[in-house]
Amino acid sequence: MLKGFGGVLLRIVLLGPPGSGKGTCAKIIEEMYSIPVITTGDMLRQSVSKETALGNVAKTYMDKGELVPDDLVNKLVKERIMESDAKNGFILDGYPRSVRQAESLEQILLEIGKKLDHVINVILEDEKIIIRLSQRRSCPKCGAIYHLENKPPKIVGQCDVCHSNIIQRDDDKESVIKHRLEVYWEKTQPLIDWYEKKYSVKNIRGDIDINYLPIALKKLIEKS
Ligand code: AP5
């Protein structure tokens with residue numbers, strides 16, 4: 001297992017529609033380079049399950065497949081990036097999702113005197129996403145991601161990593177998935193052009209054979 005990449009610290013943004021495979025890529029990169037994943041969806045879901053003030057607000061948006069207001073998410077991410085384990089790099093999964101969020105991230109990077117090393121865009125067509133998400137299962141405790149066909153857990157219904165019971169997310173119902181995709185095309189997809197002006201956006205398909213994905217990601221990250 002790779003620990004670091006020639007001493008270079010990595011700051012990565014993962015873009016892509018819901019269900020394209022951002023979280024799966026993020027976990028692989030985390031394992032390869034030992035840098036933490038910051039998944040806004042998981043952070044918000046934790047706040048929802050703890051019924052914090054933020055969680056109670058976030059739930060009203062998440063249940064409908066809407067984006068949680070920028071200011072709330074920007075604050076959450078800023079605090080997380082300032083934590084000590086993110087000093088050596090981070091993988092942002094599901095953030096930014098709007099131009100306002102991307103601008104806030106640039107401001108944070110300016111404050112800490114850093115730049116992004118990679119902006120990776122995970123591509124998958126809407127029709128494939130709708131089919132795929134109905135078979136996704138995730139671990140509510142450690143965030144591990146499974147797929148009933150492509151990546152089943154070793155023991156049915158149980159997380160391989162922490163042995164908790166795996167679940168189907170509430171927002172993985174077909175009607176909510178369709179709305180999440182509409183929100184993606186309206187608010188998040190335009191970010192690809194926004195990033196193209198600042199960084200070189202690297203595309204990867206979200207349906208590459210899951211066993212080959214670590215090699216494909218390593219090539220993408222290390223070739224530049
Ligand atoms: P979030 O949790 O971020 O959901 P999402 O972006 O909709 O993305 P997903 O987690 O659904 O999919 P993914 O791309 O990570 O795919 P995965 O790897 O799981 O956000 C949820 C909600 O929180 C939002 O709707 C919003 O309300 C709120 N929110 C979050 N961030 C926010 C922000 N920044 N601003 C405002 N609101 C925010 O893969 C999917 C399935 O495919 C899995 O089953 C997996 O096993 C399988 N799979 C993956 N790769 C492959 C492959 N190569 N081959 C075969 N199967 C694969």
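This tour goes through a predicted model, moving from its parallel sheet to its aromatic pairs.

Begin by selecting the strands of the open sheet, of which there are five, arranged in the order 2-3-1-4-7 with parallel pairing. Colour strand 2 (37-39) and strand 7 (201-205) separately, since these are the edge strands, each of which pairs on one side only. Looking across the sheet, you will find neighbouring strands turned against each other by 25° on average, with direction ignored.

Next, keep strand 7 in view and add strand 4 (residues 118-123), which runs parallel to strand 7 and is joined to it by five bridges. Within this pairing, select V122 of the one strand and, opposite it, I204 in strand 7. Then show helix 9 (residues 213-222), which packs on the sheet and touches strand 1 (10-15), strand 4 and strand 7, its direction making about 165° with that of strand 7.

Now turn to the aromatic side chains, where a search of the whole structure finds three aromatic pairs. Select Y184 and W185, an edge-to-face pair whose centres lie 5.3 Å apart, with 80° between the planes. Y184 is buried, at a relative accessible area of 7%, whereas W185 counts as partly exposed at 43%.

Move on to W194 and Y195, which also form an edge-to-face pair, at 5.0 Å centre to centre and with 85° between the planes. Here W194 is buried, because its relative accessible area of 18% falls under the 20% cut-off, and Y195 is likewise buried, at 0%. Finally, add Y199 to the selection, and the one aromatic cluster formed by W194, Y195 and Y199 is in view.

Key. Residues are numbered from 1 along each chain as its sequence is written. This is a predicted model: local features need pLDDT of at least 70, side-chain atom pairs count only at pLDDT 80 or more; totals for chains, interfaces and linings use all residues. Side-chain values use heavy atoms; hydrogens and water are left out. Rings of Phe, Tyr and Trp (its six-membered ring) pair if their centres lie within 6.5 Å; planes under 30 degrees apart count as stacked, over 60 as edge-to-face and the rest as tilted. Buried means under 20% relative accessible area, exposed over 50%, partly exposed in between (1.4 Å probe, protein chains only). Two strands pair if DSSP finds at least two bridges between them. Helices (H or I, at least four residues) and strands (E, at least two) are DSSP runs, numbered from the N terminus. Axes are lines fitted to C-alpha atoms, for helices over the stretch in contact, and angles run from 0 to 180 degrees between N-to-C directions. Contact means heavy atoms within 4.5 Å.
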